[in-house]
Amino acid sequence: MIAGSFNPSFFSSGLVHAWPEIFLSLAACAILMLDLLLNDAQRRWIGALAVISLLVTAVLVVAHPVPTKIVALGGLFELDRMAQILKVVTLLTVAAVFVYSTDYLQRRAIFKGEYFVLGLFATLGGMVLISAGSLITLYLGLELMSLCLYAMVAFDRDSGVAAESAIKYFVLGSMASGTLLYGMSIVYGVTGSLELAEIASVVRNAAIGGNIGLMFGVAFLIVGVGFKFGAVPFHMWIPDVYEGSPTSVTVFIGTASKLAAFALAMRLLPEALGASQPDWSQMLVVLAVLSMALGNIVAIAQTNLKRMLAYSTISHIGFVLLGILSGTAQGYQAAMFYMISYVIVAAGAFGMILLLARQGFEADKLTDFKGLNARSPWFAGMMAFLMFSLAGIPLFIGFWAKLGVIQAVLSVHLTWLAVIAVLFSVVGAFYYLRIVKLMYFDEPTDTTAIGGSILMRTVLSANALLALAFGIFPGTLLEICQRALQ
Amino acid sequence: MMSSTHLLSWLIFLPIVGGVVVLGLGHRATLAKWLSLAVSGLALLLSIPLWTWFKRGTPEMQFVERAPWISTIHSEFYIGVDGISMPLILLTTFTTLLIVIASWQNVEKRVAQYFAAFLILEGLMIGVFAALDGVLFYAFWEAMLLPMFIIIGVWGGPRRVYAAIKFFLYTFIGSLLMLVVLIYLYLKSGSYELAVFQRMPLTLTEQTFIFLAFFAAFAVKVPMFPVHTWLPDAHVEAPTGGSVVLAAIMLKMGGYGFLRFSLPIAPDASRELDWLIIALSLIAVVYIGFVALAQRDMKKLIAYSSIAHMGFVTLGMFIGFQIVAHTGRTSGIAMGMDGAVVQMLSHGLVSGAMFLCVGVMYDRVHSREISSYGGVVNTMPKFAAFMVLFALANSGLPGTSGFVGEFLVILASFKANVWYAFLAGTTLVLGAAYTLWLVKRVIFGEIANDKVAALSDLNGREFLVLGLLALAVLLVGLWPAPLLDVMRASTQHLAEQLLFSKIAP
C-alpha cells in the first residue's frame, strides 16, 4: 500500500517522469477527436499523425534522464533503464507497424481512424505496464492494452474469421487476466503489499520465499504470464488469433504485446518475487521446454505463414524463458536482448506479408512466397535475412540472442536444457529454411509486381537490414541490455 | 608480424564486399563475371604474400590482427594464421579463382547471384581458417553454410532441394553442439580466445564431452563414416562449382577443426577415444572404397572417393597416440599430422580437378552416368590426358600430390601397428581400382554413342583451369619440401600439445 500520508505536491512532482505517457494519451485523444472531423480523403493524415506522436513520445522517453531507478506517484510508477529501453522499442515498433499497415488497410477499405487510436491506447497500456511499480498499475496497463487489442482483432467487421478470433482472444485473455488477478490477490494476502519493491523486501526479509500460500500465488501469476506470452500449455489462442486477425493487427500482437508480456514477467518474477526464484524457475523450465518443443515441431506442419509464425513465436518465447529462468542478471539481459531482437525480426516478417498482400489476396500462404527472388531479388533477400535471423544463424541478430540465453542456462549448470534448446533450434531452422527454399529454389506462380509505398518499402528494408547490422555488430544493443539490467 | 598490412582482413572482406557489389549488378551478367574475376584474382594475389612473408620455423600465429568486437561477451575480432591454416587459405583463393573461370559459360540463370555467392563464400571460408576467437570462428563457420545452401538449391540438379536442406541441417546440428561447448569453455575461462581454450586445464569427463561435441561438428564436415550420407547427395546435386568448393575446401574444415579444436583443447579425451576415430577412419578407407567401386554416377563415385581419402586425413591426425602407446617414442606423431595436412591440400586439388573434369563432360553431354560415356579419348584427347593425370593422382601415384600425404600417413601407421598400415594401404589398391576403372569406362575404349562422337575438345578456358590444377598437383607431388617446411613447426607444436596432459591436478 502507499506508505505514509498522501502528499499532493509530492504526487504531482512525480508526474514529470510520466510525461511521455501523458503526452501519448493526450495525442491519442486528440487524434480520436480529429478523426471525427475528417472526411475519407483527409483520413490518411491520421496515420501520419499517429506515427509522429509515437516518435515524439519516443524522443520524450529518451530525453528523460534515468540515472537510477526512479519511483514516483507514490510507488505506482517506476522508471528504470529497462523501462526506458522497452518503451523506446515498443514505440518505434508500433510506429513501424503503423507504416506497414497503412497500405493494407486502405486496400481493404478498413482504413479507419479507430485502428490508430486503438493502437495508440494499446501502446499507452504497454507503457504503463512497462513502468508499473505496483500490482495495480501492472494490471491497469495490461487491461488497457488487452482491451484495445481485442477490439483491434474484431476491427474488420465483415470478416467472420476475425470476429471468431476476437471472441476467442477475448475469452481466453480475460481468463488469463482473471488468473493473474487471483495470483496477485494471493501475493497481496501473503505479503500485505501491492508495491513491487515492498513485496520483494517482505519476501526476502521474512524468508517466506518457500511459503505455500505464496507458491500458490506464484503459480497463478505464472499461468497469467504464460497466457500473455503464449507459452505452452497456455498457447492455444496464439495460432488462431494470429491467423484470424487482419495482418495489420497480427503484427501488432506479435510484436508490441510481446514486449509488454516480457515487462510483465520481469516485473512480477525477478523484481517482486526474486527471492522465490528457485520455485518459479522450475515452473518456467517446464514452460520453456514445452514451448520450444511444441512450437518448433508443430510449425513444420503449417501451410499458412501467419500460423507458422505463430508457432515460431511460441518457440521463441521458450527461448526467452530460458534467460528469465536462469535467475541471473546476465540471464535477464539475455532474455531482454532476445525479446528485442525477436520483435525487430517479427515486425519485419509480418511486414513482408503486408507488403505482398493485395486487394483480395492475403499473401499469408507459404506458397505465396514462391519464386519471390525472381519477382523482387531485393525483398527476397530481406525476407531471407529475417528468416536466417529467426533460425539463429550467425551474422544475423537472432544468433546473438540464442547465444545469450544458452550462455545464461549454461552458467547456472543447466547443460541439458542448453542441449535441448540447440536441438530444437535445428528443428526450427528447417521451417525457416523452407521459406528461403520457396523464395529462391522455386519458380514464381504469381508475377504481379510488388506493391507498397516508398515509405513502407524503405522502413521494411531498414527493418530487415537492422537484423543484419545488429548481427554483425551486436555490441551496442548488448551493452544497452547489459546496462538496463545490472 | 606484418599485422600493419591487415592482409588477412583484406582477404576476408574483399571477396565479401566484392560479392555484395556483384549481387547489386543484377542483370548485367557480363560485368558481374568480369568483376568476379577481378575480385577473385586480386584475392589470390593478396594471398601470395602470406606464403612469401610467412616466417618459417615458428608455431606462432602470424599476420595477427586484433580488434575489439563484442565487449559484453569478451569476443574479439582476432585473426591470424599458422603453418596449418595458411596453406588452406591459399587453397581457398586458388580454388575460387578457378571456379570463377570454370563457371564462365555454364551458368545460365541469375548469373550475378551465382558469382556473388561464390565470392561471399570465399571470404567466409578464409574467415574460418583465420579466426582465432571462438565466436568469430563459429560465426564464419555457420554463415558459410548459407551461400552453399543457396548454391546447391538454386543451381543444382533435380533433387537439389532435398540435397540442400539435408546438407544444411546435417552440418547445423553438429555445429550447434560445438557452440554449447564453446560457451561452456568461455564460462570457465572468461575468454573466447582459442589459445586460452588450448591452455586451460580440464578434467577427463569434461574433455570427453567436449571432444564428443566437437566430434559431432567436425565428423559431419569431414565427413566420417556414419555421418557421411549428406555428401554424395550434396555433391551430385550441386552445380560443378559447388561440388568443387565442397570437395576442395569445405571438407577440409572438418579436418582443420580436429587440428585446431579437438586435439589441443581435449588432448586427454582424444587419447582415450582415438580408437573411435581410427576405427571410423579405417572403415571409411576400406568400406567406402568398396562403395565407390559400385557407383554408376561419376560425381557420386568421386564423392565416395573423397570420403575414403578424408579417412586418411583423420587417421593421420589421431594415429600419434597409438605410436606413443606402441613404441614409447614420439617421433612419428608429427609425421602423421604432416601427412594429414598434405593429404587435405592434395585432396583439395585432386578432387576439385576431378569434379571439374566431370563438369566439362556434363556441360557437353548433360549426363553424369558412367554408362553414357566411353571412348572420350577419341574425341577429346587433351581432356583425356588431364583426366588420366588427375585419376592417377587420386589413386596416389608417386610424383603426384596424392602420393605424398598417403605415404606419410601409411608410414606413420606402420610405427603404430602393422595392421593399421595394412588396412590403410588397401586404399592404394581400392583407390586405383575405382578411379582407373572409371577412367577405363569413360575415357578409353570404343566411342560409345553419338553424343560422345560429337564431343569437342577443351576450349582455352577449360584448358587453363585444368592446366593450372595439373601444375599444382605435380608441383606438390614432385617437390613437397617447401610445403612441409611451412607447416613443420606448427605440426611439431601440435604434437607437443597432444602429449601434454591437461587434466587438472
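Buried means under 20% relative accessible area. The legends below describe a predicted model.

**Figure 1. Two cysteines of chain A sit in contrasting surroundings, one buried and one partly exposed.** A:Cys481 has a relative accessible area of 1%, so this residue is buried. A:Cys29 reaches 38% relative accessibility and therefore counts as partly exposed.

**Figure 2. A:Cys29 has no bonding partner within reach.** A disulfide is a covalent bond between the sulfur atoms of two cysteines. To count as a disulfide, the two sulfur atoms must lie within 2.5 Å. The cysteine sulfur closest to that of A:Cys29 belongs to A:Cys148. The two sulfurs are 11 Å apart, which is too far for a bond. Over all chains, the structure holds zero disulfides.

**Figure 3. The largest pocket has a lining drawn from chain A and chain B.** Its volume is about 1500 Å³. The lining has 43 residues. Closest to the centre are A:Phe385, A:Leu468, B:Val20, B:Leu23 and B:Ile120. In chain A, the elements that give two or more residues are α15 (372-375), α16 (377-391) and α19 (454-472). In chain B, they are α1 (7-24), β1 (62-70), α4 (111-130), α5 (134-143) and α6 (145-155). By class, 36 of the lining residues are nonpolar, six are polar and one is charged.

**Figure 4. The largest cavity is lined by residues of chain A.** Rolling a probe the size of a water molecule over the atoms shows where empty space is left. The structure holds eight cavities of 30 Å³ or more. The largest cavity encloses about 100 Å³ of space. Its lining includes A:Leu129, A:Leu142, A:Met145, A:Tyr169 and A:Trp237. A:Lys228, A:Ser146 and A:Ser257 are also among the lining residues. Two elements of chain A, α6 (135-153) and α11 (247-273), give two or more residues each. α6(A) gives the most, with four. Eight of the lining residues are nonpolar, two are polar and one is charged.

**Figure 5. Chain B has 22 helices and two strands.** Its radius of gyration is 22 Å, close to the 23 Å that the globule rule gives for 505 residues, so chain B is as compact as a globular protein of that length. Along its principal axes, the C-alpha trace of chain B spans about 75 × 55 × 40 Å. Of the 505 residues in chain B, 67% are buried. Among contacts in chain B with a separation of 6 or more, 81% join residues 24 or more positions apart.

Technical notes
Residues numbered from 1 in each chain as written. Chains lettered and ligands numbered in written order. Predicted model: local features only at pLDDT ≥ 70, side-chain atom pairs only at ≥ 80, totals over all residues. Heavy atoms only, no water. 1 Å grid on protein atoms, 1.4 Å probe; cavity = no way out; pocket = protein on both sides within 12 Å on 5 of 7 lines; lining within 4 Å. Points joined across faces, edges and corners; volume = space filled by probe spheres on them. Nonpolar A, V, L, I, M, F, W, Y, C, P; charged D, E, K, R; others polar. Buried < 20%, exposed > 50% of the residue type's maximum accessible area, 1.4 Å probe, protein only. Rg over C-alpha atoms; globule rule 2.2 N^0.38 Å. Contact = heavy atoms within 4.5 Å.
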